[in-house]
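Subject: Handing over a structure, with notes on what was found in it

Dear colleague,

I am passing on the structure that follows, together with some notes that may help you on a first reading. Please look it over before you turn to the text below it.

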Amino acid sequence: MTAATPQPIAISRHQGLDAIELKSPDGARATVLLHGAHLLSWVPAGGEEQLYVSPKTAYANGEAIRGGVPVIFPQFSTRGPLKRHGFARSKPWQLVSAEQGADDALAVLRLTDDAASRMFWPHAFELELSVRISGRELQIELACENKGDTAFDFTSALHTYLRVHDLDSSSVEGLSGLQYEDSAAGGELKRQRVELLLPGGDLDRIYHGLKQDLTLKEQLINRGRQLLIRQQGFEDTVVWNPGAEKCAQLPDMPADGYQHMLCIEAAQIRQPVQLAPGESWVGMQTLVQA
Ligand SMILES: O=P(O)(O)OC[C@H]1O[C@@H](O)[C@H](O)[C@@H](O)[C@@H]1O
């Protein structure tokens, strides 16, 4: 067998659920659950954990996980008749493939409609989530194909919970000049005037038309941290942190959990994706530890 032959990765168990433990030859690691195609952990080569997962989250079929990267489909938030953030994040997905390559590791998972999904959302669809890690980079790709004979539309997000050591020493660069919908202020439309977003308090914004990569920066006592965030296919970016008061009301978050996370979500919300029969859509979020 040559070094270039991809090595299959078997399903293991994590928190009582089926999981894929990705490891690339350079030492990068990630854990993906079949439940929700949920990316739970990403450790870049030579780095530390980049995702936040609440120590109080449930790990159970039918329930959403608080942290990691929930896949939001076919409805973002309460913008439609379905339960909040749709059903994809709380359903079991199928494993298509998982393997370690010569310089990366890749898992592909699939969700298709079934009798239960058609009761709420009467459409034939195929969703595929691909998670690829290599060195200091993570790529998450979500693809949707209309497998039916009528058109449908959907909203979606990769609801990435980034881990921060301390929210108060974090900032986000790259949003300057963009218009955003301030969901924490009843959906009022505003414009980002300042260069750096200093997340603090109750923050729930949908930015539109990102023009450059974002950088999450953290000034720690003895070093700085930078994480580059790129999106393709998705036209919106959600920045969310519940702040102290709302966090205290979330039963699956510790009271101080908001200080250790910031969601930066690659999303498609304002303009739902419309797919005619046979059409496909692809969106991607890439994270690179600088
Ligand atoms: O508690 P949930 O359903 O996981 O949602 C968390 C948050 O998700 C964000 O994407 C929304 O903008 C917030 O409004 C919402 O509160």
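In the hairpin formed by strand 4 and strand 5, where four residues lie between the strands, G36 takes a positive phi near 75°. Please keep in mind, here and throughout, that this is a predicted model. The two strands of that hairpin pair in the antiparallel sense over five bridges, and within this pairing V32 stands opposite L39 in strand 5.

Strand 4 (residues 29–33) also has a partner in strand 3 (residues 17–23), and this pair is likewise antiparallel, over five bridges; A19 has L33 in strand 4 as its bridge partner. Strand 3 and strand 4 form a hairpin as well, with five residues between them, and G27 in the turn has a positive phi of about 105°. As for its surroundings, strand 4 has four of its five residues buried, so it is largely enclosed by the rest of the structure.

These strands belong to an open sheet of four strands, in the order 2-3-4-5, with antiparallel pairing. The edges of this sheet are strand 2 (12–14) and strand 5 (38–43), each of which pairs on one side only, and the twist from one strand to the next averages 35°.

There is also an open sheet of 10 strands, again with antiparallel pairing, and if you follow it across you will meet the strands in the order 1-7-8-9-10-22-19-18-13-16. Its edge strands are strand 1 (7–8) and strand 16, each pairing on one side only.

Towards one end of that order, strand 13 (residues 170–173) may be worth following in some detail. It has a covered face, made of S170 and V172, and an uncovered one, made of S171 and E173. With strand 18 (residues 214–219) strand 13 pairs in the antiparallel sense over four bridges, and S171 stands opposite K217 of strand 18 there. With strand 16 (residues 196–197) the pairing of strand 13 is also antiparallel, over two bridges: V172 has L197 as its bridge partner in strand 16, while E173 stands opposite L196 in strand 16.

Strand 22 (residues 280–289), another member of the 10-stranded order, is where T286 is placed. Is T286 buried, exposed or partly exposed? T286 has 17 C-beta neighbours inside 10 Å, and therefore counts as partly exposed. The C-alpha atoms of T286 and N241, which are 45 residues apart along the chain, are separated by 20 Å.

Turning to the ligand, which residues are found around it? They are A64, S77, R84, H85, H159, S183, D204, V238, W240 and E265. By type, the residues of this shell divide into three nonpolar, four polar and three charged.

Two residues of that shell, H159 and E265, also carry an annotation: an unreviewed UniProt entry places the feature "active site" at H159 and E265. Although these two are spread over 107 residues of sequence, they cluster in space, with a largest C-alpha distance of 4.6 Å. H159 has its place in the loop between strand 11 (152–158) and strand 12 (161–163). Because H159 has 23 C-beta neighbours inside 10 Å, where 20 or more are needed, it counts as buried.

Finally, a word on confidence. The mean pLDDT of the chain is 96, and 99% of its residues reach 70 or more. Among the elements of the chain, the lowest mean pLDDT, 91, belongs to strand 16, and the highest, 99, to strand 10 (residues 137–146). The model scores ipTM 0.98 and pTM 0.97. As a general caution for reading any such model, predicted coordinates should not be read in detail where pLDDT is low.

With best wishes

Terms used: Residues are numbered from 1 along each chain as its sequence is written. This is a predicted model: local features need pLDDT of at least 70, side-chain atom pairs count only at pLDDT 80 or more; totals for chains, interfaces and linings use all residues. A residue is buried if 20 or more other C-beta atoms lie within 10 Å of its own, exposed if 12 or fewer, and partly exposed in between; C-beta atoms are placed from the backbone. Two strands pair if DSSP finds at least two bridges between them. A residue is near a molecule or strand if its C-beta atom, placed from the backbone, lies within 6 Å of it. Ala, Val, Leu, Ile, Met, Phe, Trp, Tyr, Cys and Pro count as nonpolar, Asp, Glu, Lys and Arg as charged, and the others, Gly among them, as polar. Axes are lines fitted to C-alpha atoms, for helices over the stretch in contact, and angles run from 0 to 180 degrees between N-to-C directions. pLDDT is the predictor's confidence in each residue, from 0 to 100. UniProt positions are given in the numbering used here, feature names are shortened, and annotations may be inferred rather than shown by experiment.
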